[in-house]
Amino acid sequence: MQRIMIKKGYFGQFGGQFVSELLYPALVELEKAFMTAQKDKYFQKEYQRLLTDYAGRPTPLYYAKKTSEFIGYKVYFKREDLLNGGSHKINNALGQVLMARLMGKKRIVTETAAGMHGVAATMAANVAGLTCDVFMGVKDIERQKLNAEKIKILGGNVVPVSRGNGILKDAVSEAMVAWIRDLPNTHYLIGSAVGPYPYPAIVAYFQRIIGVEAKRQILDRENKLPKAVIACGSGGSNALGVFQAFLSDKDVELIFVEGKEAAGFKNGSKGIFQGAKTYLFQDEFGMDRRTSSRAAGLNYPGRSPILSDLFDKRRISVSVASDKEVLDAYFQMSHLEGLMPALETCHAIVELFKKKGEYKKEDIVLLNFSGRGDKDLAIARQYLISNS
Ligand SMILES: *Cc1c(COP(=O)(O)O)cnc(C)c1O
């Protein structure tokens with residue numbers, strides 16, 4: 001991402017390091033480790049080994065035949081749901097625990113919403129021999145019981161956060177406090193391409209593999225580029241992961257789909273949030289607004305500064321999906337393809353269905369299938385009951 005960074009720490013006018021002086025040395029240390037990691041042969045070899053043998057890369061590119069027949073154009077799914085842990089989050093978690101080890105840290109602190117990142121971070125911490133404290137909003141613990149249990153079984157320490165609304169952004173704030181209290185021993189493993197520089201660049205770097213693989217796979221199979229790439233998101237790590245490989249292919253439309261109930265781009269504006277200047281779902285007083293998306297993983301008001309810059313420059317377009325559309329897509333995709341997507345992923349799938357008939361029969365669309373939906377069964381069942 002260095003390529004599109006103009007002023008140090010900024011992506012266009014977004015990003016920066018809006019943090020307390022106490023944190024500044026930790027960010028400097030992190031940036032140094034990031035520079036080393038990118039050049040270090042041993043680091044790269046170990047990261048590749050873990051991506052391949054532990055996480056399960058490369059992930060397949062799946063021609064979704066039934067869906068293609070239904071929507072009238074060709075769609076391929078990049079199967080990040082098949083990774084160990086059930087989502088793309090492990091790509092970043094493995095990279096960051098190796099960086100933590102490079103910096104001599106013993107402990108990981110992190111936050112999670114849907115629990116996918118908490119699971120990935122705990123797994124990765126185990127691989128690297130580090131301990132892991134996972135801050136999780138009480139509301140999210142309740143909504144995502146299965147993943148909270150998983151984290152505990154894996155040996156992670158789930159720290160319930162009840163302040164604020166008891167959701168993701170509150171967990172982020174608490175995790176930051178825990179980090180500041182023990183900087184020499186602790187690495188804060190951010191789960192998305194957000195936060196102060198260099199975090200957005202680090203997370204985008206470790207997720208880049210998604211698009212690199214997908215582009216090669218599509219060209220191998222079809223010998224041409226897709227018309228569009230669709231990805232869901234809030235922070236934007238899976239979207240950036242797949243988009244980066246296509247940034248300079250000007251004819252490829254990049255579509256980011258966010259939750260209607262937490263629409264940081266569509267209904268948000270520029271502001272400072274959790275360490276960076278970025279697009280944000282906020283009220284007229286600059287406070288982040290209460291988000292209510294059913295997909296816990298998209299219930300975050302801030303957007304990646306890197307995505308914010310791409311949005312301002314109109315390189316990405318943005319769509320929204322409502323909770324109802326998302327839940328309908330969950331069932332429809334499960335029936336159509338026998339694939340149960342995460343509710344987050346369903347946002348992208350809603351957009352796919354909305355574009356029915358918009359492309360030609362031979363046109364290709366790439367959809368990043370960011371995660372699997374076993375964790376969302378309870379919400380889906382409740383939806384069925386209240387709608388019957
Ligand atoms: C966490 C998560 C997301 C949202 O996070 P981004 O950083 O915006 O990608 C999307 N899909 C799944 C399956 C997730 O677990």
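Student: Let's start inside the fold: in which helix does Ala100 lie?

Tutor: Happy to begin there, and keep in mind that this is a predicted model. Ala100 counts as buried, with 0% relative accessibility. The element that holds Ala100, spanning residues 89-102, is helix H4.

Student: What distance separates the C-alpha atoms of Ala100 and Ala124?

Tutor: Along the chain, Ala100 and Ala124 are 24 residues apart. In space, their C-alpha atoms are separated by 11 Å.

Student: Now for the ligand: which residues come nearest?

Tutor: There are 19 residues around the ligand. By class, this shell has four nonpolar, two charged and 13 polar residues. Those that come nearest are Lys89, Ser192, Gly236, Ser237 and Asn238.

Student: How far is the polar side-chain atom of Lys89 from an oxygen atom of the ligand?

Tutor: Lys89 is one of the residues that come nearest to the ligand. A polar contact needs N or O atoms within 3.5 Å. For the side chain of Lys89 and a ligand oxygen, the distance is 2.7 Å.

Student: Which residue has a polar backbone atom 2.8 Å from an oxygen atom of the ligand?

Tutor: Side chains also reach ligand oxygens, and Ser237 does so with a polar side-chain atom at 2.7 Å. In the 2.8 Å case the protein partner is a backbone atom. That backbone atom belongs to Gly236.

Student: How much of the ligand's accessible area does the protein cover?

Tutor: On its own, the ligand has 380 Å² of accessible area. Helix H11 (237-243) and helix H14 (343-354) are the elements that give two or more residues to the shell around it. The share of the ligand's area covered by the protein is 97%.

Student: Is Ser237 buried or exposed?

Tutor: Ser237 has its place in helix H11, and its side chain makes a polar contact with the side chain of His88 at 3.0 Å. The cut-off for buried is under 20% relative accessible area. Because its relative accessibility is 4%, Ser237 counts as buried.

Student: Turning to aromatic rings, how many aromatic pairs does the count come to?

Tutor: To join the count, two rings need centres within 6.5 Å. With that rule applied, the number of aromatic pairs is 19.

Student: What geometry does the aromatic pair of Phe34 and Tyr205 have?

Tutor: This pair links distant parts of the chain, with Phe34 in helix H1 (residues 24-39) and Tyr205 in helix H9 (residues 199-207), 171 residues apart. Phe34 is buried at a relative accessible area of 1%, and Tyr205 is buried at 15%. Their centres are 5.4 Å apart and the angle between the planes is 75°. Planes over 60 degrees apart count as edge-to-face, and the pair is indeed edge-to-face.

Student: Why is the pair of Phe331 and Tyr383 classed as it is?

Tutor: Here helix H13 (residues 323-337) provides Phe331 and helix H15 (residues 377-386) provides Tyr383, 52 residues apart. Tyr383 counts as buried at 10% relative accessibility. The ring centres are 6.5 Å apart and the planes stand at 20°, so the pair is stacked.

Student: Over the ring of which residue does the charged end of Arg303 sit?

Tutor: Arg79 offers a similar arrangement, with its charged end over the ring of Phe369, 5.9 Å from the centre. For Arg303, the ring centre is 6.0 Å away. The ring in question also takes part in one aromatic cluster with Phe14, Phe256, Tyr279 and Phe311. The residue is Phe265.

Student: On to the backbone: which residue is joined to Pro58 by a cis peptide bond?

Tutor: Pro58 lies in the loop between helix H2 (41-55) and strand S3 (61-63). Omega for the bond is about -10°. The partner is Arg57.

Student: And where is Pro198 found?

Tutor: The peptide bond from Tyr197 to Pro198 is cis, with omega near 10°. Pro198 is found in the loop between strand S8 (186-188) and H9.

Student: Is Arg314, with its positive phi, buried or exposed?

Tutor: Arg314 is not a glycine, yet its phi is about 60°. Arg314 is found in the loop between helix H12 (305-312) and strand S13 (316-321). Exposed means over 50% relative accessible area. Since its relative accessibility is 76%, Arg314 counts as exposed.

Technical notes:
Residues numbered from 1 in each chain as written. Predicted model: local features only at pLDDT ≥ 70, side-chain atom pairs only at ≥ 80, totals over all residues. Heavy atoms only, no water. Near = heavy atom within 4 Å. Polar contact = N/O pair within 3.5 Å; in protein donor to acceptor, adjacent residues only side chain to side chain. Areas by Shrake-Rupley, 256 points an atom, 1.4 Å probe, with all protein chains shown as cover. Helix = DSSP H or I, 4+ residues; strand = E, 2+ residues; numbered from the N terminus. Nonpolar A, V, L, I, M, F, W, Y, C, P; charged D, E, K, R; others polar. Phe/Tyr/Trp six-rings, centres within 6.5 Å; stacked < 30°, edge-to-face > 60°. Buried < 20%, exposed > 50% of the residue type's maximum accessible area, 1.4 Å probe, protein only. Lys NZ or Arg CZ within 6 Å of the ring centre and 35° of its normal.
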